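Here is a short note to help you find your way around this entry. Please take a look at the picture before reading the points below.

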Amino acid sequence: MKKQQSVDKLTRQREAAKSLRSGSSSSPQFTKWYRDTEIAIERIFGTQSRNLTDFQAVSFSLSVWTSSTMDAEWHEAFLRGLEHAEAVLSSMIDEIEEYGGDEDTAELEPDRLSLIEKLCLRFHAAARQLQSRRAGRTTITIEDEYDTQDLLLAILRLHFDDIREEEWTPSYAGAASRVDFLLKAEQIVIEVKKTRASMTAKKLGEELIIDRARYEMHPECKILVCFVYDPEGRIGNPVGIERDLESHGGKLKVRVIIAPKT
């Protein structure tokens, strides 16, 4: 789907949400709108994209209620859900218009990025599977950041041909840094981290902010993917941190993926 087609489709779905305000989440009109919107997001961004997850996370009903809950309260929750969905769709439209690229390449970028997101989100499943080898054979145990990098690199090599390891980035604030993986043809940098006992959510955020500033000066980095492997669930609000760190005024497109989300 081309850039303008994607924008037009999401705009139609956003405007269509306004006509649902007098109805309810159980109406056939809402059911059709919700399914059509899901399909549009899947076709544009991919089935494993953050965009689809964000839309599916929107609630159109009350999370807590009692026998005395009034119909008006249900309707207010429904309206809040529609407003939230409209805001999410507006954000997606802005994303396409700002980062979508040229018409000939607009539909390719989400596919590559969606693939990387999918691999990161399923990384934990692969790591667990390695612990179940037959006859007690030795295996790799993901104990630190280096183990995480090794396994992710092996997975990436199944899908990408030219992966540059530890490419030097330009100096930032008087120091030089090394990226983990540069997908050269795709101009995507993947920064890998693994949470540890001493890593707080604040410290993680500070590290990623510095990484983002460094990679903005990298001549071959158009997209920065920060994969944070969190098998122990140390990060209390992963979705909130992802959104906060992705929201910035720079030109570099940033994706933050914290997984698994326990």
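1. A good place to begin is Trp-33: its relative accessibility is 4%, so this residue counts as buried, the cut-off being under 20%. Please keep in mind that the model is predicted.

2. Which kind of pair do the rings of Trp-33 and Phe-60 make? Their centres are 6.3 Å apart and their planes meet at 85 degrees, so the pair is edge-to-face; the angle needed for that is over 60 degrees. Phe-60 has a relative accessibility of 9%, so it also counts as buried.

3. Where do the two partners sit in the chain? Trp-33 belongs to helix α2 (residues 28-45), while Phe-60 is in the loop between α3 (50-56) and α4 (71-99), so the pair ties together parts that are 27 residues apart in sequence.

4. Both residues are also members of one aromatic cluster, made up of Phe-30, Trp-33, Tyr-34, Phe-55, Phe-60 and Phe-78. For the chain, the count of aromatic pairs comes to 14.

5. Now for the wider view. The chain has 9 helices and 5 strands, and along the sequence they follow the pattern α-α-α-α-α-α-α-β-β-β-α-β-α-β.

6. Of the chain's 262 residues, 45% count as buried. About 14200 Å² of the chain is exposed, with carbon and sulfur atoms supplying 48% of that area.

7. Lastly, a word on contacts: among those between residues at least 6 apart in sequence, 67% join residues at least 24 apart.

Definitions and conventions:
Residues numbered from 1 in each chain as written. Predicted model: local features only at pLDDT ≥ 70, side-chain atom pairs only at ≥ 80, totals over all residues. Heavy atoms only, no water. Helix = DSSP H or I, 4+ residues; strand = E, 2+ residues; numbered from the N terminus. Buried < 20%, exposed > 50% of the residue type's maximum accessible area, 1.4 Å probe, protein only. Contact = heavy atoms within 4.5 Å. Areas by Shrake-Rupley, 256 points an atom, 1.4 Å probe, with all protein chains shown as cover. Phe/Tyr/Trp six-rings, centres within 6.5 Å; stacked < 30°, edge-to-face > 60°.
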